[in-house]
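Biologist: Could you take me on a close look at a single part of this model, and then follow its contacts outward from there? I would enjoy one connected walk-through.

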Amino acid sequence: MIPDLPGNIADIKGFLAGDEASALYRHALQASQLGPVLEIGSYCGKSTIYLGLACRRNNATVFALDHHRGSEEHQRGEYFHDPDLYDSGEGVMDTFREFRRNIRNAGLDDTVVPIVAGSEAASRQWHTPLSMVFIDGGHSLDAALTDYRCWTAHLMRDGILAIHDLFEDAFEGGQAPWAIYRMAVASGLFEDIGRVNSLGVLRRL
Ligand code: MG
């Protein structure tokens, strides 16, 4: 049982299974004793809340990186498009409003630091070592590779690299997260510390 979970957690939009959420919380609780956690792809903040509740217990920070314009599959006409998150005035997806509402409602405004930017732009001047990087961003190979290259270099020793949406079978889902996961394993820089559903967890050696 995770303390302080907001009552509406089940209603928050997002794609995160219960066992994956618990695993994120557990790893963030341990990792954030060492430093800040970075999440890539926050969407409406569901996973951010689990990371945030863990970090708050250690007085640590979650950097929640998302351009909030939706990934490829969230765009109009795509399978995972949600019209409630579409700003028709601007003609773009906007998940930031919903994200902020959910983080505030969870009481995590002092723990979660949103970074509203693309992955590459946000990483350009980044120098802060990270205790955990959770990659849950775009599923194109280009987006996943960018997230991997830009952020894993900032993981501290013993830091956790978690990657969401691992599907070995292409019929189950896109292959880009699986590709960067395999790349991380093949690099020899990480130890495999387990899989929970579609979440892969590695530790930086
Ligand atoms: Mg995901």
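Biologist: Please start with Phe15: where is it found, and is it buried or exposed, or something in between?

Modeller: Happy to. Phe15 is found in the segment before α1, the helix that spans 18-31. Please keep in mind that this is a predicted model. With a relative accessible area of 42%, Phe15 is partly exposed, because buried would mean under 20% and exposed over 50%. Together with Tyr79 and Phe80, Phe15 makes a nonpolar surface patch of about 390 Å². Phe15, Tyr79 and Phe80 also belong, with Tyr43, to one aromatic cluster.

The segment before α1 has charged contacts too. Lys13, in that segment, reaches Asp82 in the loop between β2 and β3 (86-87), so this pair ties together parts that are 69 residues apart in sequence. The contact between Asp82 and Lys13 is a salt bridge, with the closest N and O atoms 2.8 Å apart. The two partners differ in cover: Asp82 is buried, at a relative accessible area of 14%, while Lys13 counts as partly exposed at 24%.

Asp4 lies in the segment before α1 as well, and its partner Arg56 sits in helix α2 (residues 46-57), 52 residues away in the chain. Their closest N and O atoms are 3.3 Å apart, again in a salt bridge. Here Asp4 counts as exposed, at 56% relative accessibility, and Arg56 as partly exposed, at 30%.

For a bridge within a helix, look at Glu98 and Arg101 in α3 (residues 96-105): they are three residues apart, about one turn of the helix. Their side chains meet at 3.2 Å, N to O. Glu98 is buried, with a relative accessible area of 17%. Salt bridges with shared partners also join Lys13, Asp82 and Asp84 into one network. A search of the whole structure finds seven salt bridges.

Just after the segment we began with comes α1 itself, and Gln30 is found in that helix. Gln30 counts as exposed at 54% relative accessibility, and its C-alpha atom is 16 Å from that of Glu20, ten residues away along the chain.

Back to the rings: the whole structure holds seven aromatic pairs. One of them joins Phe63 and Trp126 edge-to-face, at 5.0 Å centre to centre and 90° between the planes. Phe63 belongs to strand β2 (residues 62-65) and Trp126 to the loop between α4 (119-123) and β6 (130-135), so the contact ties together parts 63 residues apart in sequence. Trp126 also pairs with Trp151: their ring centres are 5.2 Å apart and their planes stand at 75°, so this pair is edge-to-face too. Trp151 is in helix α5 (residues 141-151), 25 residues from Trp126. Phe63 and Trp126 are both buried; Trp126 has 13% relative accessibility, and Trp151 has 0% and is likewise buried.

Two further sites round off the tour. Arg195 lies over the face of Tyr181, 5.8 Å from the ring centre. The magnesium ion is coordinated by Asp136 (OD), His164 (ND1) and Asp165 (OD), at 2.0 to 2.3 Å. Along the chain, these donors follow the spacing D-x27-H-D, and both His164 and Asp165 are buried.

Terms used: Residues are numbered from 1 along each chain as its sequence is written. This is a predicted model: local features need pLDDT of at least 70, side-chain atom pairs count only at pLDDT 80 or more; totals for chains, interfaces and linings use all residues. Side-chain values use heavy atoms; hydrogens and water are left out. Patches are made of residues with over 30% relative accessible area and no salt bridge: like charges are joined within 9 Å, nonpolar side chains (Val, Leu, Ile, Met, Phe, Trp, Tyr) within 5 Å. Accessible areas come from the Shrake-Rupley method with a 1.4 Å probe; for residues, only the protein chains shown count as cover. A salt bridge is a side-chain nitrogen of Lys or Arg within 4 Å of a carboxyl oxygen of Asp or Glu. Helices (H or I, at least four residues) and strands (E, at least two) are DSSP runs, numbered from the N terminus. Buried means under 20% relative accessible area, exposed over 50%, partly exposed in between (1.4 Å probe, protein chains only). Rings of Phe, Tyr and Trp (its six-membered ring) pair if their centres lie within 6.5 Å; planes under 30 degrees apart count as stacked, over 60 as edge-to-face and the rest as tilted. A charge sits over a ring if NZ of Lys or CZ of Arg is within 6 Å of the ring centre and within 35 degrees of the ring normal. Donors are N, O and S atoms within 2.8 Å of the metal (3.2 Å for Na, K and Ca); water is not among the atoms, so sites may look incomplete.
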